[in-house]
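Subject: Structure handover

Dear colleague,

Please find the structure below, together with its sequence. I would suggest keeping it open while you read the notes that follow it.

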Amino acid sequence: MKKIITIICLAITVTSCAQKKPNIIFLFSDDAGYQDFGFQGSKVMITPNLDKLAKEGVKFTQGYVTDATCGPSRAGLITGKYQQKFGYQEINVPNYMSPNSKFLGDDMGLPVDQKTIADYLKTIGYKSAVYGKWHLGNADRFHPLKRGFDEFYGFRGGARSYFPYSNFNGVHHDNKMERNFEIFEEPKKYATDAFADEAISFIEKNKNNPFFIYLAFNAVHTPMHATKEDLAKFPNLKGKRQQVAAMTFALDRACGKVLDKLKELGLDENTIIVFSNDNGGPTDKNASLNLPLSGTKSNHLEGGLRVPFLMKWPKKLKAGKVYDYPVSTMDLLPTFFAAGGGDVKDLEEIDGVNIVPFVNGANKARPHKELYWKKEARAVYRENDWKLIRFADRPAELYDLTKDITEQNNLASQEPERVKMMFKKLFAWELTQERPLWMLQQRFEKYDIDRMDRYRTPELVKKEMEQYDKSK
Ligand code: CA
């Protein structure tokens, strides 16, 4: 009898432990500007739901992505490691690539021997779903359902219409909205709202078991599609600036709906919510603003790499905290895995760390003393707050980010020994990485550098925005 009671008690303990695993929701925007949210200081954007999330959670002032463009940034995020380690160094847009690449077209994707967040979370009892933009390969073998996710509603490519296609004439297969595997189903509403509704229905279905939702909005990437109602919220803005504001407003509304549903179901206390964005805003494409950072998407100034970053976990993290040491989206995999009861020692060759002990003060050190970024000859080595940027077309630049987050005061000539030492360390790291599996045509390297120079100083950015307002 005693034995039976013990077994029953054990069973109850195990069950209640299983129920205690936190749910995880990662809200991810695309191509948003560093400044373009209320919680980031914008006086223009209307983002009440994300602002509230910032107040209820932790705001990171130095949240980074592993690359300044969509595809590689997602590859680092989803594997918890530098994507250069497995050759995912370049964006994977077929018509930009050199024909001599090892892989091209639909074969450019996250190598199938790489484990994803969803693969790992599955081993500790999570159900996972991804809604929105995948952009980790078009071929069937790269499909989310083959990479650990249980559900998918979205598109495999990098950008598509926010409104439903009435037919698929001329629409590439990676732009079609797909429910799970090859069930093509266009949304009945604006895509941003549709993805949130999918997430809500997944939450309802899985409210009694631990779940992970990767809600990868394509907002606010081009095309600049906004609804009339959302545009009407910004009568004082013009052209693309009005469009990006309306698209951001829709993004915030969609996030709010998901957060409200958690509250309604009583799940919000035991759910980790992270909000971030995949790369710096491409000001020239969608009129996003990264100030006070300089630079944009696709270059290695802070404006390309540093992103809005929030995390709420009522059970473990104090509301309203601001965390100032650098963290990275590659930290999310080990952070989520550890939160779900996994042992980070089981994760293979990852570069990310579980950030919770750092954020809640148990560990006072930096999560990362060193951080790296690389795209061909262009690369960055950050050691503590020193940042070295190496270029193909000009001497390397050195910045002290504690004093100069806008990267206007190049200290390379004043610190030659530091430059030399950092150059060597950067090279040593590069030697541990893989060659790119596909490569951009050289002319696109020039495009990235020209784009950086165009938004090199706050004055240049402001001048262009003024010109832009006048012309529209
Ligand atoms: Ca992007």
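**Two helices side by side**

In this predicted model, helix H5 meets helix H7 through Thr 192, Asp 193, Ala 196, Asp 197, Ala 199, Ile 200, Ile 203 and Glu 204 on the H5 side, and through Ala 250, Leu 251, Arg 253, Ala 254, Lys 257, Val 258, Lys 261 and Leu 262 on the H7 side. Sorted by character, the residues of this contact are nine nonpolar, one polar and six charged. The axes of H5, which spans residues 191-205, and H7, which spans residues 239-264, come within 9 Å of each other and cross at roughly 10°. Because angles under 35 degrees count as roughly parallel, H5 is described as roughly parallel to H7.

**A helix with a buried side**

Helix H2 covers residues 48-56, and its buried residues are Leu 50, Asp 51, Leu 53 and Ala 54. They lie on the same side of H2, because the arc that they cover around the axis is only 155°. It may help to recall that an α-helix has 3.6 residues a turn, so residues three or four places apart point the same way. What do the buried residues of H2 pack against? Their partners are strand E1 (23-29), strand E2 (58-60), H7, strand E9 (271-277) and strand E11 (309-312).

**A covered helix**

Helix H10, made of residues 332-339, is mostly covered, since seven of its eight residues are buried. The buried residues in H10 are Leu 332, Leu 333, Pro 334, Thr 335, Phe 336, Phe 337 and Ala 339. After H10 comes Gly 341, which has a positive phi near 95°.

**Strands and their pairing**

As background, strands of a sheet pair through backbone hydrogen bonds, either parallel or antiparallel. One open sheet is formed by three strands in the order E10-E3-E13, with mixed pairing. Its edge strands are E10 (306-307) and E13 (327-328), each of which pairs on one side only. Strand E3, at residues 63-64, pairs with E13 in the parallel sense over two bridges, and Tyr 64 has Ser 328 in E13 as its bridge partner.

Elsewhere, strand E16 (residues 386-390) and strand E17 run antiparallel and are joined by four bridges, with a hairpin of six residues leading from E16 to E17. Leu 388 has Leu 398 in E17 as its bridge partner. Which way do the residues of E17 (residues 397-400) point? Glu 397 and Tyr 399 point one way, whereas Leu 398 and Asp 400 point the other way, and all are buried.

Leu 398 also appears in a contact with a helix residue, for Arg 418 touches Trp 386 and Leu 398, leaving aside residues up to four places away in sequence. Arg 418 belongs to helix H12, which runs over residues 416-430, and is partly exposed, with a relative accessible area of 25%. The C-alpha atoms of Arg 418 and Thr 192 are separated by 46 Å, and these two residues are 226 residues apart along the chain.

**Points to look at in the loops**

Pro 94 sits in the loop between helix H3 (70-79) and helix H4 (117-123). Is Pro 94 buried or exposed? Pro 94 is partly exposed, because its relative accessible area of 40% falls between the limits of 20% for buried and 50% for exposed. Although Pro 94 and Leu 104 are 10 residues apart along the chain, their C-alpha atoms are separated by 6.4 Å. Leaving aside residues up to four places away in sequence, Pro 94 touches Gly 105 and Met 108.

Two peptide bonds also deserve a look. The bond from Ala 219 to Val 220 is cis, with omega near 5°, and Val 220 is placed in the loop between strand E8 (211-216) and helix H6 (228-231). The bond from Leu 291 to Pro 292 is cis as well, with omega near 10°, and Pro 292 lies in the loop between helix H8 (283-286) and helix H9 (302-305).

Finally, there are two asparagines to find. Asn 180, in the loop between strand E6 (178-179) and strand E7 (183-184), has a positive phi of about 50° although it is not a glycine, and is partly exposed, with a relative accessible area of 23%. Asn 384, in the loop between strand E15 (378-383) and E16, has a positive phi near 50°, and is partly exposed with a relative accessible area of 29%.

With best wishes

Technical notes:
Residues are numbered from 1 along each chain as its sequence is written. This is a predicted model: local features need pLDDT of at least 70, side-chain atom pairs count only at pLDDT 80 or more; totals for chains, interfaces and linings use all residues. Side-chain values use heavy atoms; hydrogens and water are left out. Axes are lines fitted to C-alpha atoms, for helices over the stretch in contact, and angles run from 0 to 180 degrees between N-to-C directions. Angles under 35 degrees count as roughly parallel, over 145 as roughly antiparallel, 65 to 115 as roughly perpendicular and the rest as oblique. Contact means heavy atoms within 4.5 Å. Ala, Val, Leu, Ile, Met, Phe, Trp, Tyr, Cys and Pro count as nonpolar, Asp, Glu, Lys and Arg as charged, and the others, Gly among them, as polar. Buried means under 20% relative accessible area, exposed over 50%, partly exposed in between (1.4 Å probe, protein chains only). The arc is that of the directions from the helix axis to the C-beta atoms. Two strands pair if DSSP finds at least two bridges between them.
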